[in-house]
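Please explain how the charged side chains of this protein are arranged, and set them in the context of the overall fold.

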Amino acid sequence: MTNTALTVLEVILGLGGVIALIRVLRGPTLADRIIALDLILLILAGGFAVESVRRDSEVLTGVLIVIALVAFTGTVLVGRFIEWRDTE
């Protein structure tokens, strides 16, 4: 990929991150905020993927995998917490 295409991808991911951050701040519900936080982590993972391609680095790919696993695990745990809280 060309350097310009990678830069455009990073800008698009950055804009998506800003929009998700607005959703985190405005809510209105806890579930909306959690989903937006998960989206921010996945956008961060996408940014690491783009940067990994730009630098041709395998180390960043490992970081990408860790971020994706943390995002998934955190979302599942918070989802179970919300479900548990609603049953009481």
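A residue is called buried when its relative accessible area is under 20%, exposed when that area is over 50%, and partly exposed in between. By this scale Arg54, with a relative accessible area of 28%, is partly exposed. The model under discussion is a predicted one.

The overall fold provides the setting. The secondary structure of the protein chain consists of 3 helices and 0 strands, and the order of elements from the N terminus is α-α-α. The C-alpha trace spans about 55 × 25 × 15 Å along its principal axes. The radius of gyration of the chain is 15 Å, whereas a compact globule of 88 residues would have a value near 12 Å. Of the 88 residues, 20% count as buried. Among contacts with a separation of 6 or more, 48% join residues that are 24 or more positions apart. The accessible surface amounts to about 6300 Å², and carbon and sulfur atoms contribute 71% of this area.

The charges may be considered next. The chain carries 7 positive and 9 negative side chains, with the centres of the two sets 8 Å apart. How many salt bridges does a search of the whole structure find? The search yields 3.

One of these salt bridges pairs the side chains of Arg54 and Glu10, with an N to O distance of 3.0 Å. Because Arg54 belongs to helix α2 (residues 30–55) and Glu10 to helix α1 (residues 3–26), this pair ties together parts that are 44 residues apart in sequence. Glu10, at 27% relative accessibility, counts as partly exposed.

Arg54 also meets the side chain of Glu51 in a salt bridge, at 3.5 Å from N to O. Here both residues lie in helix α2, 3 residues apart, which is about one turn of the helix. Is Glu51 buried or exposed? With a relative accessible area of 19%, Glu51 is buried, since the cut-off for that class is under 20%.

Glu51 has a salt bridge with Arg55 as well, in which the closest N and O atoms are 3.0 Å apart. Glu51 and Arg55 are likewise both located in helix α2, with their positions 4 residues apart in the numbering, about one turn of the helix. Arg55 counts as exposed, at 59% relative accessibility. Through shared partners, the salt bridges join Glu10, Glu51, Arg54 and Arg55 into one network.

How values were computed
Residues are numbered from 1 along each chain as its sequence is written. This is a predicted model: local features need pLDDT of at least 70, side-chain atom pairs count only at pLDDT 80 or more; totals for chains, interfaces and linings use all residues. Side-chain values use heavy atoms; hydrogens and water are left out. A salt bridge is a side-chain nitrogen of Lys or Arg within 4 Å of a carboxyl oxygen of Asp or Glu. Helices (H or I, at least four residues) and strands (E, at least two) are DSSP runs, numbered from the N terminus. Buried means under 20% relative accessible area, exposed over 50%, partly exposed in between (1.4 Å probe, protein chains only). The radius of gyration is taken over C-alpha atoms; the globule rule is 2.2 Å times the number of residues to the power 0.38. Contact means heavy atoms within 4.5 Å. Accessible areas come from the Shrake-Rupley method with a 1.4 Å probe; for residues, only the protein chains shown count as cover. Lys and Arg count as positive and Asp and Glu as negative; His and the chain ends are not counted. The place of a charge is taken as NZ of Lys, CZ of Arg, CG of Asp or CD of Glu.
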